[in-house]
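This briefing goes through one buried position, the salt bridges and the pockets of the structure shown below. Please keep the sequence and the model open while reading the points that follow.

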Amino acid sequence: MSLFALSFNLLFGYSGMLSFGQATFYGIGAYTNALVLKHIGASIALGMLSSMLISFIAAILIGFVCVRFTKAYFIMLTVAFSEIVYVIGNKWAGLTGGDDGLVGIPIPTLHIPGLPLIDLQDIRTYYYFALAVVAVAIFALYIITNSRFGHVIRAIRESPERASFLGLNVRRHRLLSYAIAGLFAGLSGAILVPFEGIVSLETLSFSKSADPIIMSILGGSRFFSGPIVGAVLFIILKDVIQNFTEFWKLWMGVVLVLTVMFMPGGVVGFMGSLNLFRSRSFALGKEEEQ
């Protein structure tokens, strides 16, 4: 979920594009991995690489249309494509299993040159494998957001017109940002498959696209670590609230409203402001003593 939220935040927090269809690539990655594991071979490396490639291509095709527009038009196009892909997943039962989803996914193996095949059936083994993959992906996203490309998309977020006057191709950078976000969302969906053992239509649903939005807002969309913190809070709050009531979405909505009202920078932004306040208070105290 942290990786899923980070992929969304590359669009929202860094590029200034609010997408309501990020689950499209999350679901495509999950279905691709499941199909590879079922019909080609139980190789987790092949499945994940295929998921990233197909999600990247899908993001380029969809993004080519979406990034030509901005603001409300961009948002509505992401919603429209999300619904189109969901219907395809629902009706193409021969490929996706339709309402039943894909079941009977074999336990994948991991082959590292020089070592015997690693069976990922053990949940502890798969946990460390998933942790390693996510850590590498997060590091890659950190490099991307702090590269020249990352600074360019932040400049486009602040003022597309000024960036265009400086000679930057705004549409091309937005499309590349959209494609990279789709690639990492596909990877996050692929990681889910061996853990769940099934892929359902929920991975493509419009409501699934709301999860990374909530996580980014909770943690702080203007900070790289914000979506990671937001994902942790989202999972913990969901589990805690579900222990008391089945209407957890209602109370999650209340938490989100309070966050927007009193912590617009998210938890990470609030903690940063609190530390700054403490530092200034400490400095003022030192000055008064002197």
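Ser 82 has a relative accessible area of 1% and is therefore buried, since buried means under 20%. The model is a predicted one, and the values given here are computed from it. The points below begin with the surroundings of Ser 82, then turn to the salt bridges and to the two pockets.

**Ser 82 and its surroundings**

- Ser 82 belongs to helix α4, which covers residues 71–91.
- When neighbours within four places in sequence are set aside, the residues in contact with Ser 82 are Phe 20, Gly 21, Thr 24, Leu 204 and Phe 206.

**Salt bridges around Glu 158**

- Across the whole structure, the search finds 3 salt bridges.
- Glu 158 takes part in a salt bridge with Arg 157, where the side chains meet at 2.7 Å, N to O, and in another with Arg 222, at 3.7 Å, N to O.
- The pair of Glu 158 and Arg 222 links distant parts of the chain, 64 residues apart, with Glu 158 in helix α7 (residues 148–158) and Arg 222 in the loop between α10 (206–219) and α11 (226–242).
- Taken together, Arg 157, Glu 158 and Arg 222 form a network linked by salt bridges.
- Glu 158 has a relative accessible area of 52% and so counts as exposed, the cut-off being over 50%, and Arg 222, at 54% relative accessibility, is likewise exposed.

**The salt bridge within helix α10**

- The side chains of Asp 211 and Lys 208 also meet in a salt bridge, with an N to O distance of 3.5 Å.
- Both residues of this pair, Asp 211 and Lys 208, are located in helix α10, where they stand 3 residues apart, or about one turn of the helix.
- Asp 211 counts as buried at 13% relative accessibility, and Lys 208 counts as buried at 14%.

**The largest pocket**

- The volume of the largest pocket is about 1200 Å³, and of the 37 residues that line this pocket, the closest to its centre are Met 1, Tyr 26, Leu 192, Lys 208 and Ile 235.
- Lys 208 thus appears in two settings, as a partner of Asp 211 in a salt bridge and among the residues closest to the centre of the largest pocket.
- At least two lining residues of the largest pocket come from each of α1 (2–14), α6 (123–145), α9 (170–196), α10, α11 and α12 (248–262), and the largest share, 8 residues, is supplied by α6.
- Sorted by class, the lining of the largest pocket holds 25 nonpolar, 6 polar and 6 charged residues.

**The second largest pocket**

- The second largest pocket has a volume of about 360 Å³, and among the 17 residues that line this pocket, those closest to its centre are Gly 16, Thr 70, Lys 71, Pro 160 and Arg 174.
- Two or more residues of the lining of the second largest pocket are given by each of α4, α7, α8 (160–165) and α9.
- The lining of the second largest pocket divides by class into 9 nonpolar, 3 polar and 5 charged residues.

Notes. Residues are numbered from 1 along each chain as its sequence is written. This is a predicted model: local features need pLDDT of at least 70, side-chain atom pairs count only at pLDDT 80 or more; totals for chains, interfaces and linings use all residues. Side-chain values use heavy atoms; hydrogens and water are left out. Helices (H or I, at least four residues) and strands (E, at least two) are DSSP runs, numbered from the N terminus. Buried means under 20% relative accessible area, exposed over 50%, partly exposed in between (1.4 Å probe, protein chains only). Contact means heavy atoms within 4.5 Å. A salt bridge is a side-chain nitrogen of Lys or Arg within 4 Å of a carboxyl oxygen of Asp or Glu. On a 1 Å grid over the protein atoms alone, a cavity is a set of points where a 1.4 Å probe fits but cannot get out, and a pocket is an open set with protein on both sides within 12 Å along at least five of seven lines; lining residues have an atom within 4 Å of a point. Grid points are joined across faces, edges and corners, and a volume is the space filled by probe spheres set on the points. Ala, Val, Leu, Ile, Met, Phe, Trp, Tyr, Cys and Pro count as nonpolar, Asp, Glu, Lys and Arg as charged, and the others, Gly among them, as polar.
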